[in-house]
Amino acid sequence: MSSTVITNIASLVTNDPSRESADSPLGLIQDAAVVIDGDRIAWTGESGNAPAADNRVDVGGRAVIPGFVDSHSHLVFAGDRTQEFNARMSGRSYSAGGIRTTVAATRAATDEELEANLVRYLSEALRQGTTTFETKSGYGLTVEDEARALRIASAHTDEVTYLGAHIVSPDYADDPAGYVALVTGEMLEACAPHARWIDVFCEKGAFDGDQARAVLTAGKRRGLHPRVHANQLSYGPGVQLAVELDAASADHCTHLTDADVDALAQGGTVATLLPGAEFSTRAEWPNARRLLDAGATVALSTDCNPGSSFTSSVPFCIALAVRDMGMTPDEAVWSATAGGARALRRTDVGRLVPGAYADLAVLDAPSHVHLAYRPGVPLVTEVWRRGSRVA
């Protein structure tokens with residue numbers, strides 16, 4: 001293994017808690033350098049103090065940030081839902097039933113087609129600075145199709161989530177209890193070896209609180225840790241259930257009571273906000289300011305999926321969060337990096353500190369603030385993952 005010093009960094013986002021200030025959680029270092037040894041960060045600090053290394057890379061006064069940690073996506077699917085999106089933008093409201101269109105296309109696709117689609121969107125995300133990602137099943141809804149989705153995903157990431165409880169399978173439309181029994185029984189046994197997490201869409205039109213509890217507790221018994229699609233379309237029990245079961249994250253969190261906010265602030269569950277979904281459905285924006293002021297931990301993610309948030313761009317989500325959800329640029333960048341890592345219960349990604357993976361993005365700008373200041377502009381000019389330049 002060789003070492004590399006990246007120098008002439010105008011502004012370095014470390015997310016190092018020891019460097020936090022009252023003004024920013026980002027642990028900023030101006031006129032900075034980073035030393036990489038193998039696949040890990042070995043040193044960060046001011047350029048003038050950088051130790052010697054085998055190789056030297058000058059980034060020409062650009063900003064460097066940790067690679068984005070996209071902690072919520074749905075990338076194992078086939079087909080698209082262009083017609084649904086077009087109709088919705090013409091006045092039709094979004095409902096969970098649209099998922100059935102993707103289920104039919106996914107079931108009909110070959111393994112090779114599903115993997116090629118996954119790789120396509122992973123490559124797209126990588127070019128935009130995403131170096132760690134989570135992805136879910138949920139578009140098969142049979143034992144065989146859910147298991148193969150997870151097998152395909154697990155070849156590309158360790159952060160794989162079993163989401164057999166995305167909606168009630170069309171095959172069980174008249175027997176929701178029978179489908180919950182399948183999800184918590186035979187399907188769980190087939191899927192658990194390929195997953196780290198278990199998730200459920202706790203929402204009207206999907207699964208109620210009792211059904212969601214049954215799914216998550218069955219997963220916990222099988223060694224999977226909970227995540228919850230919670231309170232996206234309406235008020236409901238999802239957030240409270242997530243906190244009660246020590247879920248790593250409650251995702252969406254659009255419709256929250258004061259008790260929901262307090263639970264998130266006092267518990268260990270991260271509130272993962274997914275502004276791409278609100279953008280693509282013209283729905284009410286999550287109130288990030290309310291959560292942050294209460295002391296909750298917030299993550300930002302893309303929710304990349306073919307129905308309600310067909311974007312792989314974390315920078316786009318950062319711009320939305322700053323413009324429409326009450327976040328500062330610093331808070332949004334932290335939530336898309338360190339916040340995403342918290343939502344995956346990881347300490348080795350989402351920050352640039354000694355011992356963490358050398359996952360970083362170089363911006364064609366002098367500051368991370370440009371991610372929100374220049375929305376839609378492809379500012380990520382280099383991406384390093386595990387100590388190697390990959391984009």
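## Overall architecture

The chain contains 15 helices and 17 strands. Its radius of gyration is 21 Å, close to the 21 Å that the globule rule gives for 391 residues, so the chain is as compact as a globular protein of that length. The model is a predicted one. Along the principal axes, the C-alpha atoms occupy a box of roughly 70 × 45 × 45 Å.

Of the 391 residues, 58% count as buried. Among contacts with a separation of 6 or more, 70% are between residues 24 or more positions apart. The accessible surface is about 14,900 Å², and carbon and sulfur atoms contribute 47% of this area.

## Helix H12 and its surroundings

Helix H12 spans residues 314-324, and its buried residues are Val314, Pro315, Cys317, Ile318, Ala319, Leu320 and Ala321. The elements covering these residues include strands E5 (68-70), E6 (130-133) and E14 (298-300), together with helices H10 (275-281), H13 (329-336) and H15 (370-373).

At the N-terminal end, H12 is capped by serine 313, with a side-chain oxygen 3.1 Å from the backbone nitrogen of phenylalanine 316. Glycine 326 follows H12 and has a positive phi, near 80°.

## Salt bridges

A search of the whole structure yields 21 salt bridges. One of them joins aspartate 199 to lysine 136, with the closest N and O atoms 3.0 Å apart. Aspartate 199 belongs to strand E9 and lysine 136 to strand E7 (residues 135-136), so this pair ties together parts that are 63 residues apart in sequence. Both partners are buried: aspartate 199 has a relative accessibility of 0%, and lysine 136 one of 1%.

Arginine 345 and aspartate 246 also form a salt bridge, again with a closest N to O distance of 3.0 Å. This pair links distant parts of the chain, 99 residues apart: arginine 345 is in the loop between helix H14 (338-343) and strand E15 (360-363), and aspartate 246 is in the loop between helix H8 (238-244) and strand E12 (249-252). Arginine 345 is partly exposed at 33% relative accessible area, as is aspartate 246 at 35%. In addition, a network of salt bridges links Glu159, Arg196, Arg346 and Asp348.

## Glutamate 203, a buried charge

Glutamate 203 lies in the loop between strand E9 (197-202) and helix H7 (209-221). Although buried, glutamate 203 has no salt bridge; the nearest side chain of opposite charge is that of lysine 204, 6.6 Å away.

The side chain of glutamate 203 does make a polar contact with the side chain of serine 234, at 2.6 Å. Beyond its neighbours within four places in sequence, glutamate 203 is in contact with Asn231, Gln232, Leu233 and Ser234.

How values were computed
Residues are numbered from 1 along each chain as its sequence is written. Side-chain values use heavy atoms; hydrogens and water are left out. Helices (H or I, at least four residues) and strands (E, at least two) are DSSP runs, numbered from the N terminus. Buried means under 20% relative accessible area, exposed over 50%, partly exposed in between (1.4 Å probe, protein chains only). Lys and Arg count as positive and Asp and Glu as negative; His and the chain ends are not counted. A salt bridge is a side-chain nitrogen of Lys or Arg within 4 Å of a carboxyl oxygen of Asp or Glu. A polar contact is a pair of N or O atoms within 3.5 Å; within protein, one must be able to donate a hydrogen and the other to accept it, and residues adjacent in sequence count only if both atoms are side-chain atoms. Contact means heavy atoms within 4.5 Å. The radius of gyration is taken over C-alpha atoms; the globule rule is 2.2 Å times the number of residues to the power 0.38. Accessible areas come from the Shrake-Rupley method with a 1.4 Å probe; for residues, only the protein chains shown count as cover.
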